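These are my notes from going through one structure, with the backbone taken up before the ligand site.

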Amino acid sequence: MKINGKATRTIWPENGGAFVAIIDQTLLPHRLETVSLETVEDAARAILTMQVRGAPLIGATAAYGLALALRQDASDRALADAIALLAKQRPTAVNLRWALEEMRRALADLAPEARAAAALAKAAAIADDDVETCRLIGVHGLPLIEAIAKTKPKGEPVNILTHCNAGWLACVDWGTATSPIYHAHETGISVHVWVDETRPRNQGASLTAFELGSHGVPHTIVVDNAGGHLMQHGKVDLCIVGTDRVAANGDVANKIGTYLKALAAHDTGVPFYVALPYSTIDWSLASGRDIPIEERSATEVLAMTGRLADGSVVTVDIAARGSPAANPAFDVTPSRLVTGFITERGVAPASRDGLLSLYPERNESAA
Ligand code: MRU
């Protein structure tokens, strides 16, 4: 997507793969800076500290991180160690494990001297595939927005609520939840996005609002607790969120607070869609109950970072000293609360049968 009019991805190799550039998302929206990853440890740190975040981008970064590792040492041992290091950085987004498994499959049988070049090519292929997959999610999600637009009085936008950042910053380009929105905007449909701020790390306020604004899409930031009220008052036509892991029965893990939005949408009759690439489905998990939920530092709840009038960025305490805090980073929305999945292959009900209708080869492989 575009920043200051320039087409930009979230990750790209430089200097023939000697290093990998990323946008440091911990600095947005106050500073737009790129950082160079030169080693697998750099890539692991970028994932852990959330310089890169969002399920598909975590996967792409792990793939490039493995490519960086193999430039130094392409032995079987180094391959296994680098995969183990990268895999443990964040637990919920299954795209991390998926990307590493794709890499391992492509590399394990090669002679060590062929691995570094092959790893770079495979990481680039994973990144390119994510771009096309996300573009197709937009193509398939667009008719949902078009249908609502036709019911709106002339001049009124389609109001879409989203949670966290499932935009292009969470992927390599386009985004998952935002791809239908960008497609609608580019088609000339009037859209307006309610952006949940998404405490504690504020990915909505800091990232989704930044990227929608950079792309000229009308939007309004709301506190996380506003969604139910907006839905009760007819101000939301449609919710679209992303996901970090979908279990085989259609249960959805996503940023903490997603479940509450799904409950409110269910109660008020607002359609609640989850946009996802195939790499986010964990076919090995029968239900969402077994999805590991990342517990993050209490500091994220007890402090906030922002910009002062003089432009300096500071972190301040927002709670009484000594108060404890808990910080589960994701929750699981049961499939019964999800109207449907928007994927690169089309739209389907959020259920095992719905998933299998999109990915019939999974049925065959289980048989
Ligand atoms: O903790 P984060 O910022 O990595 O969480 C991101 C989300 O929850 C996104 O909604 C999810 O990864 C989908 S990204 C297309």
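I looked up Pro200 first and found this residue in the loop that runs between strand S7 (191-196) and helix H7 (203-214). The peptide bond leading from Arg199 into Pro200 is cis, and I noted an omega near 5 degrees for it. I keep in mind throughout that this is a predicted model.

I then turned to Pro29, whose place is in the loop between strand S4 (19-23) and strand S5 (34-37). Here too I read a cis peptide bond, from Leu28 to Pro29, with omega near 5 degrees.

My next backbone entry concerns Asn15, which is found in the loop between strand S3 (11-14) and S4. I recorded a positive phi of about 55 degrees for Asn15, although this residue is not a glycine.

I went on to the ligand and asked where it sits, and the answer I wrote down is the largest cavity. How many residues surround the ligand, and which are the closest? I counted 19 residues around the ligand, and the closest are Arg53, Arg90, Gln203, Asn254 and Lys255.

I checked the polar side-chain atoms of three of these residues against the oxygen atoms of the ligand. For Arg53, a polar side-chain atom lies 2.9 Å from a ligand oxygen atom, and for Arg90 I read 2.8 Å between a polar side-chain atom and an oxygen atom of the ligand. For Gln203, a polar side-chain atom lies 2.9 Å from an oxygen atom of the ligand. I also looked up how much of the ligand is covered: taken alone, the ligand exposes 420 Å², and the protein buries 100% of that.

I sorted the residues of the shell around the ligand by character and obtained 8 nonpolar, 7 polar and 4 charged. As for where the shell comes from, I found that helix H2 (55-72) and strand S11 (252-255) each supply at least two of its residues. At the level of domains, I noted that the shell draws at least three residues from each of domain 1 (2-129) and domain 2 (142-366).

Technical notes
Residues are numbered from 1 along each chain as its sequence is written. This is a predicted model: local features need pLDDT of at least 70, side-chain atom pairs count only at pLDDT 80 or more; totals for chains, interfaces and linings use all residues. Side-chain values use heavy atoms; hydrogens and water are left out. A residue is near a molecule or strand if one of its heavy atoms lies within 4 Å of it. A polar contact is a pair of N or O atoms within 3.5 Å; within protein, one must be able to donate a hydrogen and the other to accept it, and residues adjacent in sequence count only if both atoms are side-chain atoms. Accessible areas come from the Shrake-Rupley method with a 1.4 Å probe; for residues, only the protein chains shown count as cover. On a 1 Å grid over the protein atoms alone, a cavity is a set of points where a 1.4 Å probe fits but cannot get out, and a pocket is an open set with protein on both sides within 12 Å along at least five of seven lines; lining residues have an atom within 4 Å of a point. A molecule sits in a cavity or pocket if more than half of its atoms lie within 2 Å of its grid points. Helices (H or I, at least four residues) and strands (E, at least two) are DSSP runs, numbered from the N terminus. Ala, Val, Leu, Ile, Met, Phe, Trp, Tyr, Cys and Pro count as nonpolar, Asp, Glu, Lys and Arg as charged, and the others, Gly among them, as polar. Domain bounds come from an automatic or database domain assignment.
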